[in-house]
Amino acid sequence: MNRTRLFPAEATGIRPTPLPGTGPVPVPVSAAVRFRAACPDCRGRFELAAAALRLAIGATSRTTFYTFTCPECGASVRKPAGERIIELLTGGGVRTLRLHTAL
């Protein structure tokens, strides 16, 4: 599997630090936030808006990934997401799905 690095193409500003015990603080995200990505099929490089990406967070690193459709060849791309990628995508306004394990 070819790993593609994902970086925010534009900074969104300073994020506030939540107070202890108050939970996560919603951070306003600019609609202009874009992420650089690449397609392993056609090797195209492009920028995607947060709405073009989906993040799935599972119980393990094997079940945590992000997906997008290549705008150049139309291929459906699924890539593993580590802690830093999760932080960048959630901070950039990407929709997130939490996967739960069946008991």
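Trainee: Which phi does Gly 93 take, just after α1?
Mentor: Helices (H or I, at least four residues) and strands (E, at least two) are DSSP runs, numbered from the N terminus. Gly 93 sits just after helix α1. Its phi is positive, at about 90 degrees.

Trainee: Before we go on, what kind of model is this?
Mentor: Residues are numbered from 1 along each chain as its sequence is written, and side-chain values use heavy atoms, with hydrogens and water left out. Local features need pLDDT of at least 70, side-chain atom pairs count only at pLDDT 80 or more, and totals for chains, interfaces and linings use all residues, as this is a predicted model.

Trainee: In which order do the four strands of the open sheet run?
Mentor: Strands pair here if DSSP finds at least two bridges between them. β6 (76-80) and β7 (95-98) are the edges, each pairing on one side only. β4 and β5 pair in the antiparallel sense over three bridges. The pairing in the sheet is mixed, and the order is β6-β5-β4-β7.

Trainee: And at what angle does α1 run to β4?
Mentor: Axes are lines fitted to C-alpha atoms, for helices over the stretch in contact (heavy atoms within 4.5 Å). Angles run from 0 to 180 degrees between N-to-C directions. α1 lies across β4, β5 and β7, and its angle to β4 is about 130 degrees.

Trainee: Is Thr 64 buried or exposed?
Mentor: Thr 64 is in the loop between β4 (54-57) and β5 (65-69). Away from its sequence neighbours, Thr 64 touches residues including Ile 57, Pro 80 and Ile 86. Buried means under 20% relative accessible area, exposed over 50%, partly exposed in between (1.4 Å probe, protein chains only). Thr 64 has 6%, so it is buried.

Trainee: Which residues of α1 are buried?
Mentor: α1 spans 83-91 and supplies at least two residues of the largest nonpolar core. The buried ones in the helix are Ile 85, Leu 88, Leu 89 and Gly 91.

Trainee: Which residues are joined into one salt-bridge network?
Mentor: A salt bridge is a side-chain nitrogen of Lys or Arg within 4 Å of a carboxyl oxygen of Asp or Glu. Glu 47 meets Arg 34 at 3.7 Å, N to O, and Arg 36 has its closest atoms 4.0 Å from Glu 47. A further bridge, at 3.2 Å, is between Arg 84 and Glu 87. Shared partners make one network of Arg 34, Arg 36 and Glu 47.

Definitions and conventions. Lists of a residue's contacts leave out its neighbours within four places in sequence.
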